[in-house]
Amino acid sequence: MFDTLSDRLTAALQTLTRKGRLSDADIDATAREIRIALLEADVALGVVKTFIARIKERAKGAEVSQALNPAQQVVKIVNEELVGILGGETRRLNLAKTPPTVIMLAGLQGAGKTTLAGKLALWLKKQGHAPMLVACDLQRPNAVTQLQVVGERAGVVTFAPEPGNGVGDPVDVARRAIAEAKHAQHDVVVVDTAGRLGVDEELMKQAADIRDAVEPDEVLFVVDAMIGQDAVTTAQAFQDGVGFSGVVLTKLDGDARGGAALSVREITGQPILFASNGEKLEDFDTFHPDRMASRILG
Ligand code: GDP
């Protein structure tokens, strides 16, 4: 498949003997390899440029340590910078001082929102919370049933509009759900919203209306890691149209190298909170910047 970035850098620097400092020529040679590897990992071009400028800056002044050869030294710098861009530490979920905490999910159709709702519910339950799912995707046929199914699997309650009442108004459902959560003492509410195949104004307006009605503690933008560079335009559209406080990356079990993670984090400035890596409810974890950096580095 791919040469890993570590391999490329080692190859580019193998002619070097140990020196006191990396020369500009060494740094330029490695920058080229980093650029190719990041583009292959599907990182957006603008992000690649910024990243390389940062690496060059850092590598210039770096002393070559006794313990590491020049290639290892550069790999170390690249790794540290990647971890930094990806958020450094894992960012924890914001919980409301007065329950219920409201978490709203937003993203394109097929991104994995409904599956994520079940995963998040199970994860929250294991953390000792009493979550409730809310079906506000009233557009896609079967979306409500699909949420109810994942809710059952996770062993949590799903709030959904009563069948037979027509399509229904998702904002009204969201409002009633919050009232019900307070009444039934659910401390976390996860609101699933409708997606479209592409970004459109109606979708954004509906999501923004739901947001205004439920005043979420977190809006999580759910994005399929497999869409690569398209993640950037989609993320920007959701940031402008709805706004979000965190990102969830799905389908990391596919062969995507994780460039989407780097691009979305860098472009939107919002942290990645969780990662999904399979269709089962257990295929889910908090996001670890260091693991993602290793994946991108190869
Ligand atoms: P939604 O339209 O955003 O609600 O997306 P869904 O939750 O319906 O997911 C769309 C498809 O992706 C379904 O077939 C899911 O089983 C699948 N899916 C969701 N998350 C993952 C994941 O992390 N890995 C894989 N391989 N498939 C996933």
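A polar contact is a pair of N or O atoms within 3.5 Å. That cut-off is useful for reading the ligand site in this structure, which is a predicted model.

Start with the side chain of T114. An N or O atom in this side chain is 2.7 Å from an oxygen atom of the ligand, so the pair falls within the 3.5 Å limit and counts as a polar contact. Two further contacts involve the protein backbone. A polar backbone atom of K251 is 3.0 Å from an oxygen atom of the ligand, and for A111 the distance from a polar backbone atom to a ligand oxygen is 3.3 Å. How much of the ligand does the protein bury? Taken alone, the ligand exposes 580 Å², and the protein buries 80% of that area.

The ligand sits in the largest pocket. Around the ligand there are 17 residues, and those that come nearest are G110, T114, T115, D253 and E279. Which helix gives the most residues to this shell? The answer is α5, which covers residues 113-126 and supplies 4 residues. By character, the shell residues divide into 9 polar, 6 charged and 2 nonpolar.

Next comes a stretch of the chain that carries an annotation. UniProt, in an unreviewed entry, lists residues 271-284 for "domain: SRP54-type proteins GTP-binding". In the model, this span is 43% strand and 0% helix. Its end C-alpha atoms lie 17 Å apart. E279, one of the residues that come nearest to the ligand, has a number that falls inside the listed range 271-284.

Two details of the backbone remain, and both are found in loops. The first is at P99 and P100, which are joined by a cis peptide bond with omega at about 5°. P100 lies in the loop between helix α4 (70-85) and strand β1 (101-106). The second detail is at Q185. Here phi is near 60°, a positive value in a residue other than glycine. Where is Q185 found? Q185 is in the loop between α7 (170-183) and β4 (188-193).

Note on methods. Residues numbered from 1 in each chain as written. Predicted model: local features only at pLDDT ≥ 70, side-chain atom pairs only at ≥ 80, totals over all residues. Heavy atoms only, no water. Near = heavy atom within 4 Å. Polar contact = N/O pair within 3.5 Å; in protein donor to acceptor, adjacent residues only side chain to side chain. Areas by Shrake-Rupley, 256 points an atom, 1.4 Å probe, with all protein chains shown as cover. 1 Å grid on protein atoms, 1.4 Å probe; cavity = no way out; pocket = protein on both sides within 12 Å on 5 of 7 lines; lining within 4 Å. Sits in = over half its atoms within 2 Å of the grid points. Nonpolar A, V, L, I, M, F, W, Y, C, P; charged D, E, K, R; others polar. UniProt positions renumbered as here; feature names shortened; annotations may be inferred.
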